[in-house]
Amino acid sequence: ANYTLQFADGTGSDTESPRTLANHGNLLTLFPLNFDERHRFNIIADYRFPRESGPRVAGAYILANAGINFQAVAVSGRPYTARQVAQELRGIGTIGAINGARNPWNTTLNLRIDKNFSIGKNLGLNVYLRISNLLDTRNIIDVYEVTGDPEDDGFLRSAFGQNQIETVTNSNRQLESYLASYQWRLLNSDFYSLPRRLFLGAIMDF
């Protein structure tokens, strides 16, 4: 088990950040960078069956040279800059400090099951099943800057959004179709971690 405490502060998260900040006269203030993960917990549990151990079937130790491995990871959310006024899929007007808001914590459990086989004198084979995100946790890794929500940018409830709805209504367009299509546009798979994935493979040693 290990714990990492990180303070990734700087004047810009990428090459474009200093130019943007210079327009506001802000060059020397340090703030959390986009990839700052303040807290990370990592726990690994591994169990191995040695030779001639475990249950027997037809005289053979079926779990001999096999093992199971769990990895649990918990990490605090990365920072983002909260915005004040909602616009389509984004916001303007900074609330608080740059990168002063945080995404929620993420937790992930990974599993690996493997077994070693001896093939010949100097040849070994390891067959494994690896499952990433075993519990299929839907971790939030990014949000809309005005609402702090991964599925709502707050635009339709804002004054700009209400004006847009009124424009659509007055143009004889189908309001229901516009609202439905906008909700579809809000869905962003990049705002969530990857779902459960299974990997089956083999490693040969010689």
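Where does Asn 188 lie in this structure? Select Asn 188 in your viewer and you will find this residue in the loop between α3, which spans 175-186, and β14. Please keep in mind throughout the tour that the model in front of you is predicted.

**First stop: the loop with Asn 188**

While Asn 188 is still selected, display the surface around this residue, which has a relative accessibility of 26% and therefore counts as partly exposed, since that class lies between under 20% for buried and over 50% for exposed. Now add Glu 151 to the selection: the two residues are 37 residues apart in sequence, and their C-alpha atoms are 7.7 Å apart in space.

**Second stop: the strands β14, β13, β12 and β7**

From this loop, move on to β14 itself, which covers residues 197-205 and is joined to β13 by nine bridges, with the two strands running antiparallel. To see one of the pairs, select Ile 131 together with Leu 198, its bridge partner in β14.

Next, select β13, residues 124-132, along with β12, and you will see two strands that run antiparallel and are joined by eight bridges. Two pairs can be picked out here: Ile 113 stands opposite Leu 129 in β13, and Phe 117 stands opposite Leu 125 in β13. β12 and β13 form a hairpin with five residues between the strands, and if you select Gly 120 in this hairpin, you will find a residue that takes a positive phi near 75°.

On the way to the next stop, select β7 and β12, which pair in the antiparallel sense over ten bridges. Ala 74 stands opposite Thr 107 in β12, and showing both residues gives you one pair to look at.

**Third stop: the second largest pocket**

Which strands each supply at least two residues of the lining of the second largest pocket? They are β7, residues 66-75, and β12, residues 106-118. The pocket has a volume of about 240 Å³, and of the 14 residues that line this pocket, the closest to its centre are Glu 37, Arg 40, Val 75, Asn 106 and Ile 141, so selecting these five in your viewer will bring you to the place. If you colour the lining by class, you should find four nonpolar, seven polar and three charged residues.

**Fourth stop: Ser 76**

Now select Ser 76, which lies in the loop between β7 and β8, the latter spanning 79-80. Is Ser 76 buried or exposed? With a relative accessible area of 7%, Ser 76 is buried, because this value falls under the 20% cut-off. Leaving out residues up to four places away in sequence, Ser 76 touches Glu 37, Arg 38, His 39 and Trp 105. Two backbone nitrogens are worth displaying here, for the side chain of Ser 76 reaches that of Arg 38 at 3.2 Å and that of His 39 at 2.9 Å.

**Fifth stop: Asn 34 and Asn 99**

Select Asn 34 next, in the loop between β3 (31-32) and β4 (39-48), where this residue is partly exposed at 37% relative accessibility. Apart from neighbours within four places in sequence, the residues in contact with Asn 34 are Ser 13, Arg 78, Pro 79 and Asn 99. Asn 34 and Asn 99 are 65 residues apart in sequence, whereas their C-alpha atoms are 7.3 Å apart in space, and a polar contact of 2.9 Å joins their side chains.

**Sixth stop: two residues with a positive phi**

Most residues other than glycine have a negative phi. Select Asn 65, in the loop between β6 (60-61) and β7, and you will find a positive phi of about 60° although Asn 65 is not a glycine. Asn 65 is partly exposed, with a relative accessible area of 29%. Then go to Asp 136, in the loop between β13 and α2, which has a positive phi of about 55° and is not a glycine either. Asp 136 has a relative accessible area of 37%, and is partly exposed.

**Last stop: Thr 169**

Finally, select Thr 169 in helix α2, which comprises residues 159-170. Thr 169 is partly exposed, with a relative accessible area of 42%, and its side chain reaches the backbone oxygen of Ile 165 at 2.9 Å. If you also select Ala 180, eleven residues apart from Thr 169 along the chain, you can see two C-alpha atoms that are separated by 14 Å.

Definitions and conventions: Residues numbered from 1 in each chain as written. Predicted model: local features only at pLDDT ≥ 70, side-chain atom pairs only at ≥ 80, totals over all residues. Heavy atoms only, no water. Helix = DSSP H or I, 4+ residues; strand = E, 2+ residues; numbered from the N terminus. Buried < 20%, exposed > 50% of the residue type's maximum accessible area, 1.4 Å probe, protein only. Contact = heavy atoms within 4.5 Å. Polar contact = N/O pair within 3.5 Å; in protein donor to acceptor, adjacent residues only side chain to side chain. 1 Å grid on protein atoms, 1.4 Å probe; cavity = no way out; pocket = protein on both sides within 12 Å on 5 of 7 lines; lining within 4 Å. Points joined across faces, edges and corners; volume = space filled by probe spheres on them. Nonpolar A, V, L, I, M, F, W, Y, C, P; charged D, E, K, R; others polar. Pairing = 2+ DSSP bridges.
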